[in-house]
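This report goes through the confidence, charged pairs, pocket and surface of one protein chain. The structure comes first.

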Amino acid sequence: MPLAVLVFWSLGVQFGWNLPFGIRMAQLPTPSQVGIRLADLFFGGLVRGPYSGDIWRHIWASLVRAGSGFALAAAFAVPFGILLGRSRTVTQLFEPLINIVRPIPVTAWAPLALIVIGIGDRSAIFLVFLAAFFPMLISTSAAAAQVPPRLLEAAAMLGMKPWKRLIYVVAPASVPGIFSGLRVGLGLAWALLVVGEMTGVNIGLGAMIMEGRVVSQIDLIMSGMIIIGILGFLSDRFLVLALKVISRNRPVLQEIS
């Protein structure tokens, strides 16, 4: 499949194909041009420019921002989602507000973040946090609400207090749903990273892509996109592996792949 995409891409640029949505492939660089740019970003000496051989610090800056925003979102969304799924009072108090705030796109939050938080890493991390938070919250809440009542009844018969039931019964039974939300949230953290790095930062993959747009270097833009895609894939695989190690491959997680 990757080879077929490369062949299609190369032929489309060569013959100037026009695709749906007004995509003009003649405007794109060839795969070899993007490959040269990628090699230059990592090793330098192939393309003149400020990013030659300097990609590692941009990757590290983006990893820190995406990872920090994702970790903060998980830390808030998972416990709050469990409460939201099991407590009628919490649902009545917060569900209307959640359903009002959730549809607001992250791009709409960016100007407000610049004004209220300011230019820098904190604005970028905040926007990544917003992108990842709601998918985790909704998935966790739905999973917690679907925990079989018999499990909770059995725990109550054994004298387990309500807060302990949340920790020792609801949370473990909700793990597949929680994990699905984590994977979606992680993907959105990377997807919205470019928006987060539009808030005045000058280091990071999103900042590099925006610079490529300003100077019309499409090969630089596409190289940044490819690197973000690879990092997103690797981080997802790491998340799957980490949960399997933590859970010791218990049967409840057999469907995770």
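This is a predicted model. The protein chain has a mean pLDDT of 86, and 96% of its residues reach 70 or more. Among the elements of the chain, the highest mean pLDDT, 93, belongs to helix α3 (residues 55-86), and the lowest, 76, to helix α7 (residues 149-157).

**Salt bridges**

Side chains of opposite charge can pair when their charged atoms come close. In this model the count comes to six salt bridges. The table lists three salt bridges, with the N to O distance of each pair.

| Basic side chain | Acidic side chain | N to O distance |
|---|---|---|
| Arg-65 | Asp-121 | 2.8 Å |
| Arg-65 | Glu-197 | 2.7 Å |
| Arg-183 | Asp-236 | 2.9 Å |

In the salt bridge of Arg-65 with Asp-121, Arg-65 belongs to helix α3 and Asp-121 to helix α6 (residues 121-145), so parts that are 56 residues apart in sequence are tied together. Arg-65 has a relative accessible area of 5% and is buried, because buried means under 20%. Asp-121, in contrast, is partly exposed, at 41% relative accessibility.

Arg-65 also meets Glu-197 in a salt bridge. This pair links distant parts of the chain, 132 residues apart: Arg-65 is in helix α3, while Glu-197 is in the loop between α10 (193-196) and α11 (205-214). Glu-197 is buried, with a relative accessibility of 2%.

The side chains of Arg-183 and Asp-236 also form a salt bridge. Arg-183 lies in helix α9 (residues 175-191) and Asp-236 in helix α12 (residues 218-247), so this contact ties together parts that are 53 residues apart in sequence. Arg-183 is partly exposed, with a relative accessible area of 27%. Asp-236 has a relative accessible area of 14% and counts as buried.

Which residues are joined into one network by salt bridges that share partners? They are Arg-65, Asp-121 and Glu-197.

**Second largest pocket**

The second largest pocket holds about 170 Å³ of space. Its lining is made of 13 residues, and those that lie nearest its centre are Arg-102, Ile-104, Val-106, Leu-130 and Ala-131. Two elements, α5 (106-116) and α6, give two or more residues to this lining. Which element gives the most to the lining of this pocket? It is α6, with four residues. Helix α6 thus appears in two places in this report: Asp-121, which pairs with Arg-65, lies in it, and it contributes to the pocket lining.

**Helix α11 and the residue after it**

The buried residues of α11 are Leu-205, Gly-206, Ala-207, Met-208, Ile-209 and Gly-212. Ser-216, just after α11, takes a positive phi of about 60°.

**Nonpolar surface patch**

Leu-3, Leu-6, Val-7, Phe-8, Leu-11, Phe-15 and Trp-17 make a nonpolar surface patch of about 650 Å². One of these residues, Leu-11, is placed in helix α1 (residues 2-15). Is Leu-11 buried or partly exposed? Leu-11 counts as partly exposed, with a relative accessibility of 32%. Patches are made of residues with over 30% relative accessible area, so the value of 32% is in keeping with the place of Leu-11 in the patch.

Key:
Residues numbered from 1 in each chain as written. Predicted model: local features only at pLDDT ≥ 70, side-chain atom pairs only at ≥ 80, totals over all residues. Heavy atoms only, no water. Patch = residues over 30% accessible without salt bridge, like charges linked within 9 Å, V, L, I, M, F, W, Y side chains within 5 Å. Areas by Shrake-Rupley, 256 points an atom, 1.4 Å probe, with all protein chains shown as cover. Salt bridge = Lys/Arg side-chain N within 4 Å of Asp/Glu carboxyl O. Buried < 20%, exposed > 50% of the residue type's maximum accessible area, 1.4 Å probe, protein only. pLDDT = per-residue confidence, 0-100. 1 Å grid on protein atoms, 1.4 Å probe; cavity = no way out; pocket = protein on both sides within 12 Å on 5 of 7 lines; lining within 4 Å. Points joined across faces, edges and corners; volume = space filled by probe spheres on them.
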